[in-house]
Amino acid sequence: MQEFTRKFDVIDKRNETREILMSVYNSLKLKGYDPINQIVGYILSEDPTYITNYNNARSLICRLDRDELLQELVIHYLEVDKG
């Protein structure tokens, strides 16, 4: 019997979060909204009506946990500022 260690690859949720956020941003922009203001309104209130239903954007953003979304935004901001 061979002993070996199995490797478990975790799905990188950061990519999924980024893809969802970019999709929501683009949908808001296409509908004529200021995407930054709308996303900030959603984050502060957790009221999904800040996000358009266009391209299923509201449903997509509701998949993300607000705390995780904030965490990813802060991480990204700090990584960009490091350079």
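What follows is a conversation between a trainee and a mentor about a predicted model of one protein chain.

Trainee: Happy to start with the basics: how many helices and how many strands does the chain have?

Mentor: Good place to begin. Read along the sequence, the pattern is α-α-α-α. The count is therefore easy to give under the DSSP-run definition. The chain has zero strands and four helices.

Trainee: Before I trust any coordinates, which element has the lowest mean pLDDT?

Mentor: A sensible check for a predicted model. Over the chain the mean pLDDT is 86, and 87% of the residues reach 70 or more. Where pLDDT is low, the predicted coordinates should not be read in detail. Among the elements, α3 has the highest mean, 97, while the lowest, 80, belongs to α4.

Trainee: What share of the residues is buried?

Mentor: Let's look at the surface before the interior. The chain exposes about 6,800 Å², and carbon and sulfur atoms supply 51% of that area. A residue counts as buried under 20% relative accessible area. Of the 83 residues in the chain, the buried share is 24%.

Trainee: Which element gives the most to the largest nonpolar core?

Mentor: That core has 13 residues, and V24, I39 and I51 have the most contacts inside it. At least two residues come from each of α1, α2 and α3. With four residues, the element that gives the most is α1.

Trainee: I51 caught my eye there. Is I51 buried or exposed?

Mentor: I51 sits in the loop between α2 and α3. Leaving aside neighbours within four places in sequence, I51 is in contact with V24, L28, Q38, I39, Y42, A57, R58 and I61. The relative accessible area of I51 is 0%, and the limit for burial is under 20%, so I51 is buried.

Trainee: How many Å separate the C-alpha atoms of I51 and V24 in space?

Mentor: These two residues are both among those with the most contacts inside the core. They are in contact with each other. Along the sequence they are 27 residues apart, yet C-alpha to C-alpha the separation is 7.6 Å.

Trainee: And I39, which residues is it in contact with beyond four places in sequence?

Mentor: I39 is one of the buried residues of α2, a group that also holds P35, Q38, G41, Y42 and I43. I39 also belongs with V24 and I51 as a residue with the most contacts inside the core. Beyond four places in sequence, the partners of I39 are L21, V24, Y25, L28 and I51.

Trainee: Which residue caps the N-terminal end of α2?

Mentor: Look for a side-chain oxygen beside a backbone nitrogen at the start of this helix. The nitrogen here belongs to I36, and the oxygen lies 3.2 Å from it. The capping residue is D34.

Trainee: Which residues form the salt bridge?

Mentor: The structure holds one salt bridge. Its closest N and O atoms are 3.5 Å apart, which is within the 4 Å cut-off and therefore qualifies. One partner is in the loop between α2 and α3 and the other in helix α4, 20 residues apart. The pair is E46 and R66.

Trainee: Are those two residues buried, partly exposed or exposed?

Mentor: E46 lies just after α2, where it takes a positive phi of about 60°. Its relative accessibility is 43%, and that of R66 is 21%. The partly exposed class runs between 20% and 50%, so E46 and R66 each count as partly exposed.

Trainee: What is the relative accessibility of S27, over in α1?

Mentor: Start from its surroundings. Setting aside neighbours within four places in sequence, S27 is in contact with T52, Y54, N55 and A57. S27 counts as buried, because its relative accessibility is 2%.

Trainee: One of those partners was N55. What is the phi of N55, about?

Mentor: N55 lies in the loop between α2 and α3, and N56 is found in that loop too. N55 is partly exposed at 48% relative accessible area, and N56 is partly exposed at 47%. Neither is a glycine, yet N56 has a positive phi of about 65°, and N55 has a positive phi of about 55°.

Methods:
Residues are numbered from 1 along each chain as its sequence is written. Side-chain values use heavy atoms; hydrogens and water are left out. Buried means under 20% relative accessible area, exposed over 50%, partly exposed in between (1.4 Å probe, protein chains only). pLDDT is the predictor's confidence in each residue, from 0 to 100. A polar contact is a pair of N or O atoms within 3.5 Å; within protein, one must be able to donate a hydrogen and the other to accept it, and residues adjacent in sequence count only if both atoms are side-chain atoms. A nonpolar core is a set of buried Ala, Val, Leu, Ile, Met, Phe, Trp, Tyr and Cys residues joined through side-chain atoms within 4.5 Å. Contact means heavy atoms within 4.5 Å. Accessible areas come from the Shrake-Rupley method with a 1.4 Å probe; for residues, only the protein chains shown count as cover.
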